[in-house]
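Work through the exercises below with the coordinates open. Each task is followed by a solution in steps.

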Amino acid sequence: MPIHNADIAAIFTEIADLLEIEGANPFRIRAYRNAARIVGEWSRELRTLVERGEDLTRLPGIGADLAAKIREIVETGKCRALEKLRQELPPAITELLHIPGLGPKRVRTLWHELDVQTLEQLARAARDGRIRALPGFGAKTEANILQAVEQHLSQSKRLKLAIAAQYADSLAAWLKGAPAVERIEVAGSFRRSRETVGDLDLLVATHDAQAVMRRFTAYEEMRDVLAAGETRGSVILKSGLQVDLRVIEPESWGAALLYFTGSKAHNIALRRLAQEAGLKLNEYGLFRGRQRLAGGSEEDVYAALGLDWIPPELREDRGEIGAARTHRLPKLVTLADLRGDLHVHTQATDGHDTLEAMAAEAQRLGFEYLAITEHSQRLKMVHGLDARRLREQCAKIDRLNEGFKGFRLLKGIEVDILEDGRLDLPDDVLGELDLVVAAIHSRFDLPRAKQTERILRALDHPYVSILAHPSGRLIDARPPFDVDMARIVRAAKQRGCFLELNAHPERLDLTDSDCLLAKDEGVLVAIDSDAHSRADFANLRFGVGQARRGWLEAKDVLNTRPLAELSSLLARTRK
Ligand code: DGT
Ligand code: CA
Ligand code: CA
């Protein structure tokens, strides 16, 4: 069974959790947590590195011991160290750690004192009022726990797009091994580039449905086959991800792809349009009575309905159908339109690659420019730069730039926005840079008015060029902070500065509707990788997907501009 990075990361996280509940050495625990993060965010499959016999200790934070474990996991699907821990502790106990307010110490107490080993047992103990009596808990904590655990139990699990992509790519590659497969596509929310997906919807065109279905159910990563009929199958993968497969005749390809790409709202609107014209639209085609008018391709079907072809990212019934009728669909930005990246880190702070390596990779990708934007001094955990180290880095960038042709490193900083909206570095040094990216990394909990004021004050600073990850959210992990985004967008417009769409798969803010706001207001959006390693440039595709969902065209995006134009736009952000 092919092992994905997320599987390895999950194993390391579970080891760290179990060690923590056991009360093990904090350094050991931190090593596993770091490894889980690095592996989970690594944009190439480690499996392939193992298969090629590459040296895994070259990954940041991975020593010989962890490298051996990665190899063991890839080769056997298991990790003996984890199995041993699972024998020592209750198997589901790490789930308790997902409840806010429950750290390892409390989990250990609950387990030892009340024999609470699962979320259900935790809920029961809270309902029975048994938790409040424990040392260090109390009635208020008990009530909070009960509320959190009930919410947690009712939550549906959605997968982040970047993780779903790893599972989808492997499964599609496996299915392509069936000779009968003529076409294959992952449809549904995945094709629409939603930031998370509930399940994968796979579509295959073939004349031999049986052969395809056989290959599907023989996939190594299957956990449960929920249904496997002649033309449809539904399974749960070992990762817990559900996959629906539809097998269709090639002549219905377009109609089926349209139907299974959705969204449901888009489909309903199309079907209504067909009905108004006396036609019938379903997954087999567009019909007048029994006569089939279209269905082989999506373009056919849209054309027969009097519409231009609509890119999947727009299919949310948010005005795209009207725009398609009047030939006013946006010409959406593509990855190839990006000429550079305006937010990356290097080894000088918490990045894993050198300045030279990041520059080389940017050139290999065909970029014209790359802005180096390290964290600033207040972020001590990541060795944020003070004025002296920033100036040293700038000098180094100047030297490197002398050797480049058709490529330029820009001198920047991701300066921390302090709680009162001031910036974390003095004006004189900020004024020496090509651009200043400002971002919030603390006090996510300020009330709306205060948080908004804080950001407006930062935007008003004479040197700020771009507001990075403007909502601070981490998908499924940390909610966006409470701000008046419309006001921020207007302020950016007045001030002539820009907003970032951070392409990191866990961030992806601006959201799609924020992008629409920015576009309406005429504020250019910078699609940035926030890369902490060379491999992270690959994340730009997710940022572009989000931007496309927000109707952005190349002209709406800052870093589609050639260097000269970019430089003058950045220069204009200075007061
Ligand atoms: P997800 O999986 O929650 O991230 O979202 P989707 O959009 O992938 O939804 P899913 O997997 O339930 O269904 C895939 C597509 O199939 C959906 O986008 C449109 C189509 N579809 C599903 N149910 C219906 C329905 O009741 N009516 C119509 N017109 N289309 C549907
Ligand atoms: Ca789906
Ligand atoms: Ca589905």
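**Exercise 1. The metal site**

Task: Find which residues coordinate the calcium ion (ligand 3), and describe how they are placed along the chain.

Solution. This is a predicted model.
Step 1. List the donors. Asp199 (OD) appears twice, and Asp201 (OD) and Asp244 (OD) complete the list, at 2.2 to 2.8 Å from the calcium ion (ligand 3). These values fall under the cut-off for Ca, which is 3.2 Å.
Step 2. Write the spacing. Along the chain the donors of the calcium ion (ligand 3) follow D-x1-D-x42-D.
Step 3. Place two of the donors in secondary structure. Aspartate 201 is in strand 4 and aspartate 244 in strand 7; the two are 43 residues apart, and the pair links distant parts of the chain.
Step 4. Check for a neighbouring ion. The calcium ion (ligand 2) is 3.8 Å from the calcium ion (ligand 3), and aspartate 199 coordinates both.

**Exercise 2. The interface of domain 2 and domain 3**

Task: Describe the interface of domain 2 and domain 3, starting from the domain bounds and ending with the residues on the side of domain 2.

Solution.
Step 1. Set the bounds. The domain assignment gives domain 1 (5-154), domain 2 (159-248), domain 3 (253-325) and domain 4 (335-572).
Step 2. Take the separation and the contacts. The C-alpha centres of domain 2 and domain 3 are 23 Å apart. In contact are 16 residues of domain 2 and 15 residues of domain 3.
Step 3. Compute the buried area. Between them the two domains bury about 1300 Å², of which 63% is on carbon and sulfur atoms. Of the area that domain 2 buries against domain 3, 51% comes from Arg191, Arg192 and Arg246, more than from any other three residues.
Step 4. Count the polar pairs. The rule finds 3 salt bridges across this interface. Arginine 192 forms a salt bridge with glutamate 316, with the closest N and O atoms 2.9 Å apart. The rule also finds 6 residue pairs in polar contact across the interface of domain 2 and domain 3, both residues being at pLDDT 80 or more.
Step 5. Assign the elements. On the side of domain 2 that touches domain 3, strand 2 (181-186), helix 10 (188-191), strand 4 (200-206) and strand 7 (242-248) each supply at least two residues. Strand 4 gives the most, with 4 residues.
Step 6. Sort by class. The side of domain 2 that touches domain 3 has 6 nonpolar, 3 polar and 7 charged residues.

**Exercise 3. A salt bridge between helices**

Task: State how many salt bridges the structure holds, and explain why the pair of arginine 86 and glutamate 14 ties together separate parts of the sequence.

Solution.
Step 1. Give the total. The structure holds 39 salt bridges.
Step 2. Examine the pair. Arginine 86 and glutamate 14 meet through their side chains in a salt bridge, at 2.8 Å from N to O.
Step 3. Locate both residues. Glutamate 14 lies in helix 1 (residues 5-22) and arginine 86 in helix 5 (residues 80-88), so the pair ties together parts that are 72 residues apart in sequence.

**Exercise 4. Backbone angles**

Task: Which peptide bonds are cis, and where is aspartate 115 found?

Solution.
Step 1. Inspect omega. The bond joining glycine 262 and serine 263 is cis, with omega about -5°. Serine 263 is in the loop between helix 12 (253-261) and helix 13 (264-276).
Step 2. Repeat for aspartate 509 and leucine 510. Their peptide bond is cis, with omega near 5°. Leucine 510 is in the loop between strand 16 (498-502) and helix 21 (512-521).
Step 3. Inspect phi. Aspartate 115, a residue other than glycine, has a positive phi near 55°. Aspartate 115 is found in the loop between helix 6 (104-114) and helix 7 (119-127).

How values were computed
Residues numbered from 1 in each chain as written. Chains lettered and ligands numbered in written order. Predicted model: local features only at pLDDT ≥ 70, side-chain atom pairs only at ≥ 80, totals over all residues. Heavy atoms only, no water. Domains from an automatic or database assignment. Contact = heavy atoms within 4.5 Å. Buried area = accessible area lost by both parts, 1.4 Å probe. Salt bridge = Lys/Arg side-chain N within 4 Å of Asp/Glu carboxyl O. Polar contact = N/O pair within 3.5 Å; in protein donor to acceptor, adjacent residues only side chain to side chain. Nonpolar A, V, L, I, M, F, W, Y, C, P; charged D, E, K, R; others polar.
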